[in-house]
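Work through the exercises below with the model open. Try each task before reading its solution.

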Amino acid sequence: MNATSTLPCHIAIVMDGNGRWARLRNQPRSFGHRAGKKAMRETVEGCLRQGIGTLTLFAFSSENWQRPESEVRALMALFMNALDKEVDALHEQSVRLRFIGDLEAFSKSLQCRMHEVATHTAKNKKLNLNLAVSYGGRWVISQAARRAAADVVRGELKIEDIDEVALGCRMNLSDLPPPDLLIRTGGEHRISNFLLWQMAYTELHFTDTLWPDFDRHCLQKAVDDYGRRERRYGRIGSQTTRRQQDSA
Ligand code: IPE
Ligand code: IPE
Ligand code: MG
């Protein structure tokens, strides 16, 4: 098999295990979240090097608001700090940053900063980097249903035209291909309300590596694992040559 044809176009990652990584070092959980920044940088660089077009990182779920207030506060401070410190380097590398999730749940200053960063990097072409924050897959689907209902009320959409395409195009990232590969670090084998709609046919790769230890070798291992998968999309093996899969 040709190596380039087996490269995922879109990788999504559940960056899990920061708290346990810190606990193993007798440190507070926030220490693990800070350490996770290096893994993010390595992963972005790995994707840029390999020519992977889209990377979607799960940074904070809609359920993570229920964590102790001190941890949420530390995460927000880290997030703001990362937006200030990392964006110039990302922009120079032609990375386009977008934020997906219930952004209104954040402070006005964070909302403003996210908006500025997304606008500032909007024309960059090398890598789409999507940060899922205050993100819940069910929330996204219910928002799309709400938008479709509003369009019906306005007379812009017929009920009989509500289908997968009509709902899908009312969600963020509808201009991007769905994830080919989901990586979850930290040893848990679950989706935790990540891209539920978009992951219908995503290949799943679970690793015990805790997120702060994730590096370009781990990324390569996941990409190689993906390259060995046969994506059948409901068909049978003999129907699914790589060429057919790529056009599916
Ligand atoms: C993932 O690491 C980061 C966030 C959810 C913000 P965790 O904080 O969930 O780390 P563990 O799973 O407790 O080790
Ligand atoms: C998923 O990790 C969310 C992020 C990595 C941002 P969690 O640690 O919140 O997931 P659960 O609670 O183990 O399912
Ligand atoms: Mg966790």
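Two exercises follow, one on the ligand site and one on the fold. This is a predicted model, in which local features need pLDDT of at least 70, side-chain atom pairs count only at pLDDT 80 or more, and totals for chains, interfaces and linings use all residues. Residues are numbered from 1 along each chain as its sequence is written, chains are lettered from A and ligands numbered from 1 in the order written, and side-chain values use heavy atoms, without hydrogens and water.

**Exercise 1. Describe the surroundings of ligand 1.**

Step 1. List the neighbours. Of the 13 residues around ligand 1, D16, G19, R20, R29 and R67 come nearest. A residue is near if one of its heavy atoms lies within 4 Å.

Step 2. Look for N or O partners of the ligand's oxygen atoms. A backbone N or O atom of G19 lies 2.9 Å from one ligand 1 oxygen. For a side-chain N or O atom of R29, the distance to an oxygen of ligand 1 is 2.8 Å. A polar side-chain atom of R67 is 2.7 Å from a ligand 1 oxygen.

Step 3. Classify the shell. Three residues are nonpolar, five polar and five charged. Here Asp, Glu, Lys and Arg count as charged; Ala, Val, Leu, Ile, Met, Phe, Trp, Tyr, Cys and Pro as nonpolar; the others, Gly among them, as polar.

**Exercise 2. Describe the fold.**

Step 1. Count the elements. The protein chain has eight helices and six strands. These are DSSP runs: helices (H or I) of at least four residues, strands (E) of at least two, numbered from the N terminus.

Step 2. Read their order. From the N terminus, it is β-α-α-β-α-β-α-β-α-α-β-β-α-α.

Step 3. Gauge the extent. The C-alpha trace spans about 55 × 50 × 35 Å along its principal axes.

Notes:
A polar contact is a pair of N or O atoms within 3.5 Å; within protein, one must be able to donate a hydrogen and the other to accept it, and residues adjacent in sequence count only if both atoms are side-chain atoms.
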